Amino acid sequence: KPVVALIGRPNVGKSTLFNQFTKSRQALVADLAGLTRDRQYGDVFFENKSFIVIDTGGIGEADDGKGNIDDYMATQSYTAIHEADMVVFVVDARAGLTPSDEEIAKFLHTLGKPVFLVTNKTDGVHEASIAEFFGLGFGEPIPTSASHGKGVTSLLEIITADMPETLAENPETDGLKLAIIGRPNVGKSTLVNRLLGEERVVVFDMPGTTRDSIYIPFEREGRQYTLIDTAGVRRRGRIGEKVEKFSVIKTLQAIKDANVVVLVIDAHEGIVDQDLHMLGYALDAGRAIVIAINKWDNLSQDQKDIVKIEMDRRFHFIPWVKIHLISALYGNGVGNLYPSIHKAYDASMFKVSTSRLTQILQDAVEAHQPPMVGGRRIKLRYAHLGGHNPPVIVIHGNQTSSLPKSYQRYLENVYRDVFKLEGTPLHVEFKQNA
Ligand code: GDP
């Protein structure tokens, strides 16, 4: 999938464009406390094309207006550019050409990647002031007014023009698709080798693909799996050799292709922001999740206590995720991952009738009435299952758009409890009946 980076000074409208591109639905976990995430990566579907967009907004806010963008370039946005196949360079038509724009342009010219110059905020701006951007050397600027949604379709047409049409996305795979994700050096490769090295595991020949992650089909105790290995272990006999380097996009792709994600965290390092970002990606994608705190060997009791306190603090908002303390190196606790993986998978795929869901809804409403809005009580009528992996429960009623978040969460928890949905996100959606 092509990757497009949105680059530009702060406040030129990158995030607005990003939202227009991804038409991002309100993020499910956005209001959960304790989860710091960058919202930089989005999927864009436009006609029969699709690509990944990286928003560098909110990062590198160090522009001093005088063209000194060293700090800017030192930040993640800089790394984002290197992951990208092409760049959408956004400038502010109202502000006119600034020295920082010129600096960024100079840098972009050194990259040798296609650059699309977008003059944003063009509404009510004189043609002449747009013309000055022509001098940046990226050809005719593409005018948009992102906050009004103007010019966005034309822009998408232009940037997708040379992209291939999207084919069937996921590789043909059998059984449960299991992605092993985590920061570099947390022990992913070691875990992959451990999982595949077990006596009871039969690893099948891997097709010689050059995909980002390596897809490894295997069988264990009569069950089929495909392991999605983001660390890039390629089996040579029993010794795995790491062949690929870390990339966020690879991780995102693996999450998307997976049924269950195992997030590996290094106990020696503690739980760091990047771990939480990855958790956020998996939650956003609605994937079933198991957390493996690795390198639990050779920790002092004090260190163990500290990590446990941190776990309570950082993961309190996802009490339904099973956390394992393991040593991939020595194998301790690794076998116990499987039951949790299956539980999470089964929960993510669970089936239930409309009548049962509706019955539970009615009981929940009886136990705790929804509030009144404008003198009328919100009515919730029935519920049905709208999807799997993640499970989606759709609740129909009147004035559901006025339903407070706290009540939505109450219902989610009721369903979670009744069905013992361990290990999977649960999406509860509301439909307003006319
Ligand atoms: P990856 O980058 O996530 O694939 O990490 P690796 O699997 O390459 O592991 C990074 C380093 O951590 C290596 O030196 C491993 O030997 C070490 N390591 C991995 N798992 C464990 C573990 O459970 N305990 C200890 N003590 N070291 C580990």
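This is a dialogue between a student and a tutor about reading a predicted model of a protein chain.

Student: How many helices and strands are there in the protein chain, and what percentage of its residues is buried?

Tutor: The model, which is predicted rather than determined by experiment, has 13 helices and 20 strands in its protein chain, and buried residues make up 51% of the 434 residues. Of the contacts with a separation of 6 or more, 72% join residues that are 24 or more positions apart.

Student: Where can I see such a pair of residues, apart in sequence and yet given a distance in space?

Tutor: Take K49 and E165, which are separated by 116 residues in sequence while their C-alpha atoms are 5.0 Å apart. K49 is found in strand β3, residues 49-55, and its relative accessible area of 12% is under the 20% limit, so K49 counts as buried.

Student: How should I read a helix, and which residues of α4 are buried?

Tutor: The general idea is that an α-helix has 3.6 residues a turn, so residues three or four places apart point the same way. In α4 the buried residues are S100, D101, I104, A105, F107, L108 and L111. Looking down the axis of α4, one finds these buried residues within an arc of 165°, so they line one face of the helix. The face turned away from that buried side carries K106 and T110, which are exposed.

Student: What span should the 13 residues of α4 have?

Tutor: At 1.5 Å a residue, helix α4, residues 99-111, should span 18 Å, and the C-alpha atoms at its ends are 19 Å apart, which agrees. After α4 comes G112, with a positive phi near 70°.

Student: What is the order of the strands in the open sheet of 7 strands?

Tutor: The order is β8-β9-β10-β7-β13-β14-β15, and the pairing is mixed. At the edges stand β8 (201-203) and β15 (322-325), each with a single partner strand, so one side of each has no neighbour in the sheet. On average, neighbouring strands of this sheet are turned by 25° against each other, direction ignored. As a case of pairing, strand β7 (residues 176-181) and strand β10 (residues 223-229) run in the parallel sense over 5 bridges, and I180 has D229 in β10 as its bridge partner.

Student: Which strands do helices α8 and α9 touch?

Tutor: Helix α8, residues 248-257, packs on the sheet and touches β7, β9, β10 and β13, its direction making about 155° with that of β7. Helix α9, residues 273-284, also packs on the sheet, where it touches β7, β13 and β14, and its direction makes about 175° with that of β13.

Student: Which residues of the largest nonpolar core touch the most other members?

Tutor: Among the 32 residues of this core, they are L279, I291, I293, F315 and I318. At least two core residues come from each of β7, α8, β13, α9, β14 and α10, and the largest share, 6 residues, is supplied by α9. Neighbours within four places in sequence aside, I318 is in contact with L279, L283 and I291. Another core, of 28 residues, lies apart from this one and includes I180, V192, I216 and F218.

Student: Is S348 buried or exposed?

Tutor: S348, which lies in helix α11 (residues 337-348), has 0% relative accessibility and therefore counts as buried. Leaving aside neighbours within four places in sequence, S348 is in contact with A288, H388, N389, P390, P391 and T424.

Technical notes
Residues are numbered from 1 along each chain as its sequence is written. This is a predicted model: local features need pLDDT of at least 70, side-chain atom pairs count only at pLDDT 80 or more; totals for chains, interfaces and linings use all residues. Side-chain values use heavy atoms; hydrogens and water are left out. Helices (H or I, at least four residues) and strands (E, at least two) are DSSP runs, numbered from the N terminus. The expected span of a helix is 1.5 Å times one less than its number of residues. Buried means under 20% relative accessible area, exposed over 50%, partly exposed in between (1.4 Å probe, protein chains only). The arc is that of the directions from the helix axis to the C-beta atoms. Two strands pair if DSSP finds at least two bridges between them. Axes are lines fitted to C-alpha atoms, for helices over the stretch in contact, and angles run from 0 to 180 degrees between N-to-C directions. Contact means heavy atoms within 4.5 Å. A nonpolar core is a set of buried Ala, Val, Leu, Ile, Met, Phe, Trp, Tyr and Cys residues joined through side-chain atoms within 4.5 Å.
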